[in-house]
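Visitor: Got a minute to walk me through this one? I'd like to start with helix packing and then look at rings.

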Amino acid sequence: MKLVSAKEMLDDAVKGHYAVGHFNLNNMESVRAFLLAAEEMKSPIILGVSGGTAKYMGGYRTISDMVQDFINFLGISVPVALHVDHGKYTEALDAIENGFSSVMFDGSSYPIAENIEKTKEIVALAHAKGISVEAEVGGIGGEEDGRISRGECADPNECKMIADLGIDFLAAGIGNIHGKYPLDWEGLHFDLLADIKSKIGDLPLVLHGGSCIPDDQIKKAISLGVSKINVNTECQIAFTEATRQYFMDGRDKESKGFTPRAVLAPGLEATKAMCIKKMELFGSVGKA
């Protein structure tokens, strides 16, 4: 199975009223965990790569080759898209040329005219190679690769302008943030979500910051048109907690428990379990 564009799987999610999970890669263990979870659950999956992860893991070509090789080695039969997460203009271009099957250009920090112009260029270049494109309106709050933002709610009219450029799915700020949510978080703005959806029609919507949002709000967002949900923080926490427990239990002192593969194995399994939990919540199980 070769890497695929995310367009078809998200168009199917719109029709089927479920969401496909986007899970951020952080290391080799996360690659294995997410692919194995998707195969076990017979769910389509989107693997996300931030700019920081691309640098850590050796660049976009290294990651795309590794993911494709793991797909072949593990015998993965479900659709897998490899996607740039919050890509800068140059990062999106880099990924387009280096094996990614989907890219996000995040132009939300630009004035809308510049966002439109740059998004239009990315769409033309990506679509010429069969690569799907995500764009963003309304910056997502929280921390992403060291950048901290309070976020902002998207303007539905600007969402319509970006949607009309021929993008394949749209991220729009509706009160969601990256990372852990504060205790005084107001929740998702469903009236805004409904307004945006009314203007963009069947175009799939993306919910960033999908970790730690209450299940009932996730389900309501899906019912209102969200078809892609990004998860990273909860998988990272699951990995860290499992690894910490490994040392607390003294398992590193047993036999060859000190080897990196042994140390990281519980984190891999915890990441896989979290991924499966989210797939079940999103309704993508059995949709491959």
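Guide: Sure, one definition before we start: a crossing is left-handed if the near helix is turned anticlockwise from the far one by less than a right angle, and right-handed if clockwise. Also keep in mind that this is a predicted model.

Visitor: OK, so which hand is the crossing of α2 and α11?

Guide: The crossing of α2 and α11 is right-handed.

Visitor: And at what angle do the axes of α2 and α11 cross?

Guide: Roughly 40 degrees, and the axes come within 8 Å. Here α2 covers residues 28-41 and α11 covers residues 260-282. Angles under 35 degrees would count as roughly parallel and 65 to 115 as roughly perpendicular, so α2 and α11 are oblique to each other.

Visitor: Which residues make the contact?

Guide: From α2 you have Glu29, Arg32, Ala33, Phe34, Leu36, Ala37, Ala38, Glu40 and Met41. On the α11 side the contact uses Leu264, Leu268, Thr271, Lys272, Cys275, Ile276, Met279 and Glu280.

Visitor: How many of those are nonpolar, polar or charged?

Guide: The contact of α2 with α11 has 11 nonpolar residues, five charged and one polar.

Visitor: Switching to rings. How many aromatic pairs are there in the whole structure?

Guide: A search of the whole structure finds five. One of them is Tyr60 with Phe100: the ring centres are 5.2 Å apart and the planes are at 85 degrees, so that pair is edge-to-face.

Visitor: Where do Tyr60 and Phe100 lie?

Guide: Tyr60 is in helix α4 (residues 60-74), while Phe100 is in the loop between α5 (89-96) and β4 (102-105), so the pair ties together parts that are 40 residues apart in sequence.

Visitor: Are Tyr60 and Phe100 buried or exposed?

Guide: Both Tyr60 and Phe100 are buried. Another edge-to-face pair is Tyr246 with Phe247, at 5.8 Å centre to centre and 85 degrees between the planes. In that pair Tyr246 is buried at 3% relative accessibility, whereas Phe247 is partly exposed at 41%.

Visitor: Which residues do ring pairs link into a cluster?

Guide: Tyr89, Phe105 and Tyr110.

Visitor: Last topic, backbone. What is phi of His17?

Guide: Near 60 degrees, which is a positive value in a residue other than glycine. His17 sits in the loop between α1 (7-16) and β1 (20-24), and counts as exposed at 63% relative accessibility.

Visitor: And what about phi of Ser255?

Guide: Phi of Ser255 is also positive, near 45 degrees. Ser255 is in the loop between α10 (233-248) and α11, and is exposed with a relative accessible area of 72%.

Notes: Residues numbered from 1 in each chain as written. Predicted model: local features only at pLDDT ≥ 70, side-chain atom pairs only at ≥ 80, totals over all residues. Heavy atoms only, no water. Axes fitted to C-alpha atoms, helices over the stretch in contact; angles between N-to-C directions. Helix = DSSP H or I, 4+ residues; strand = E, 2+ residues; numbered from the N terminus. Parallel < 35°, antiparallel > 145°, perpendicular 65-115°, else oblique. Contact = heavy atoms within 4.5 Å. Nonpolar A, V, L, I, M, F, W, Y, C, P; charged D, E, K, R; others polar. Phe/Tyr/Trp six-rings, centres within 6.5 Å; stacked < 30°, edge-to-face > 60°. Buried < 20%, exposed > 50% of the residue type's maximum accessible area, 1.4 Å probe, protein only.
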